[in-house]
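The exercises that follow are meant to be worked with the sequence and the coordinates open side by side. Try each task before reading its solution.

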Amino acid sequence: MGETSTLFKGVKEFFIEIGDLSHFAARFFKEVLKPPFEFKELLRQCYQMGNRSLILVTVTGFIIGLVLTLQSRPTLIQFGAVSWMPNMVGISIVREIGPVITALICAGRIASGIGAELGSMRVTEQIDAMEVSGTNPFKYLVITRIMATTLMLPILVIYGDLVALYGSALVENLKGDVSFQLYFNTVFDALSFSDLVPATIKSFFFGFAIGLVGCYKGYYSKKGTAGVGVAANTAVVMASLLLFVIDFIAVFISDIFYEL
Amino acid sequence: MSFNMTDQDQITSSNESAQGGKAVIEIKDLYKSFGDNHVLNGFNMTLMEGENLVVMGKSGSGKSVMIKCLVGLVKPDSGTVKVLGKEINSLDQQKLDELRSDIGFLFQGSALYDSMTVRENLEFPMRRHKEKLGVVADTEPLVREALDNVGLAHTMDLMPVELSGGMKRRVALARTLILKPKVILYDEPTSGLDPITSKEIIELMRSIQKKYGTSSLIITHDVDCARVISERMILLVDGINYAEGTYSQLSQSTDPKVDAFFKK
């Protein structure tokens, strides 16, 4: 009986959370096109999110490209298909691994940062102070951050993809005597428009989800300073889960178009 | 059980109090609950023009909720809240923001924006109210004047994290003054400060009131602050204005609930 009621409570809380998040997203769409626009703050957020994630994305992307190539090499050699390496790595990085890994890194780095920052502003009454001064804190803090993550993530994904391909090319160059030029020519020959477009579109959705969840958790942070930690932590967990759900839907939809 | 001050002590009616001028804030039958927690149960209050009114109450008695109702940060369940003649709850967002420029609010923890310098903190409220201030481009003189008022002009380019607790409170006060408000609401202005810094803040509040002729509503549980600054006091107990009068009237009360506030 107790377990059933706990399960019921958990399910109920889950749906309440989804409802609140949807309501938060609806408020974003309602207010995003209404003046006044906070361009200066948007640019500042874009710079902060892009610039501060750059090293992390560089290191992660490079290692992913390196490891993927090193791990795949023995199997491809076994089947006499090592010349397919640039094609395989290029397609898997551009279509799936690049966007998902970059988004997960950014979920950890950006969603937690936004959750903690807004949570701290909430508990120290900075958001209230902003509202009392006649500035809409939702527009100034939330909309600018969600817009910044939505715009910056695709750029970071493209950059991460290039770095990962460079890591892969380095392995092929050292182990397989494949020149960088040949490697990249093969990769770009293998890639088509239908590989790039869905990956870029889903990166926008990933960015939106990261910003939305980070802002939602931070903006409604409760229970004092302990709530700030909870906001940061749950923002990462929720954003990461949401990324996989979006990825599944994106792959499912692009697969339908691919078959057509 | 409500304590009727009129029967037991000499109490001044709110409408007769202070200078007898016009009311700048009027609260009537204010109710606010959070779930089963009934915070305000029919609170009434009037702040007259140029008056310093102190509302005292225990922690969790609803003081901060009441003061947040005055600027529309908390929506009451029922009751009327009029500030400068305008009913807060019937205003649209634009009108509410316009009215807010006439109300200064000093938050309990100063609430300075961590990511901005002192200068940017002071410039921030001016973004939406430049017409009122007649400012076109150069905000520097206004920022400098506000910081001069609190003796901290040299901190203009520092970050809040580089300031002490007392300095933060003074910068927050300067930020409150920058829009030249007609009413200033102080939420626990001396909480978390040492006695000497508290005295400095109280003195600053008095000098600002003299210089600009503002009306002040001070929420506190600091008896010394109330003694020095109040012209009239309200004791908030169980969500109602339990007792009302001057500091000397209330401090001599024999009612145990009132007496409890003044016991050392």
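Helices are DSSP runs of H or I with at least four residues, and strands are runs of E with at least two, both numbered from the N terminus. The model is a predicted one, and this should be kept in mind throughout.

**Exercise 1. Describe the overall build of chain A: how many helices and strands does chain A have?**

Begin with the secondary structure, which comes to eight helices and zero strands, so that by the DSSP runs used here the order from the N terminus reads α-α-α-α-α-α-α-α. Next, consider the extent of the chain, whose C-alpha atoms fill a box of roughly 65 × 55 × 40 Å along the principal axes. Then turn to burial: of the 260 residues in chain A, 40% are buried. Finally, take the contacts between residues at least 6 apart in sequence, of which 87% join residues at least 24 apart.

**Exercise 2. Compare the record with the model: which residues of chain A does UniProt list as "transmembrane region"?**

The unreviewed UniProt entry gives residues 54–77, 97–119, 140–160, 196–216 and 228–253 under that name. Taking residues 196–216 from the model, one finds 100% helix and 0% strand, with the end C-alpha atoms 30 Å apart. For residues 228–253 the content is again 100% helix and 0% strand, and here the end C-alpha atoms lie 37 Å apart.

**Exercise 3. Analyse the packing of α2(A) and α3(A): at what angle do their axes cross?**

The two axes cross at roughly 145 degrees and come within 9 Å of each other, and the crossing is right-handed. On the side of α2(A), the residues that make the contact include A:Leu56, A:Thr60, A:Ile64 and A:Gly65, while those of α3(A) include A:Ile97, A:Ile101, A:Ile105 and A:Arg109. Sorted by class, the contact has 15 nonpolar, six polar and one charged residues.

**Exercise 4. Find the backbone features that call for a closer look: which peptide bond is cis, and where does A:Glu125 lie?**

As a yardstick, most residues other than glycine have a negative phi, and most peptide bonds are trans. The bond from A:Pro35 to A:Pro36 is cis, with omega near 0 degrees, and A:Pro36 is found in the loop between α1 (2–31) and α2 (39–78) of chain A. A:Glu125, which is not a glycine, has a positive phi of about 65 degrees and lies in the loop between α3 (85–123) and α4 (126–132) of chain A. A:Glu125 counts as buried because it has 21 C-beta neighbours inside 10 Å, where the cut-off is 20 or more. In chain B, the phi of B:Glu188 is near 45 degrees, also a positive value, and B:Glu188 is placed in the loop between β7 (183–187) and α8 (195–212).

**Exercise 5. Examine the cores and the interface: how many residues does the largest nonpolar core have?**

The largest nonpolar core has 116 residues, and those with the most contacts inside it are A:Ala209, A:Ile210, A:Val213, A:Ala239, B:Ala174 and B:Leu235. Apart from it lies another core, of 14 residues, among them A:Ile101 and A:Ala164. As for the contact between the chains, ten residues of chain A meet 15 residues of chain B, and the chain A side divides into two nonpolar, five polar and three charged residues.

Notes. Residues numbered from 1 in each chain as written. Chains lettered and ligands numbered in written order. Predicted model: local features only at pLDDT ≥ 70, side-chain atom pairs only at ≥ 80, totals over all residues. Contact = placed C-beta atoms within 7 Å. Nonpolar A, V, L, I, M, F, W, Y, C, P; charged D, E, K, R; others polar. Buried ≥ 20, exposed ≤ 12 C-beta atoms within 10 Å, placed from the backbone. Core = buried A, V, L, I, M, F, W, Y, C linked by C-beta atoms within 7 Å. UniProt positions renumbered as here; feature names shortened; annotations may be inferred. Axes fitted to C-alpha atoms, helices over the stretch in contact; angles between N-to-C directions. Left-handed = near helix turned anticlockwise from the far one by under 90°.
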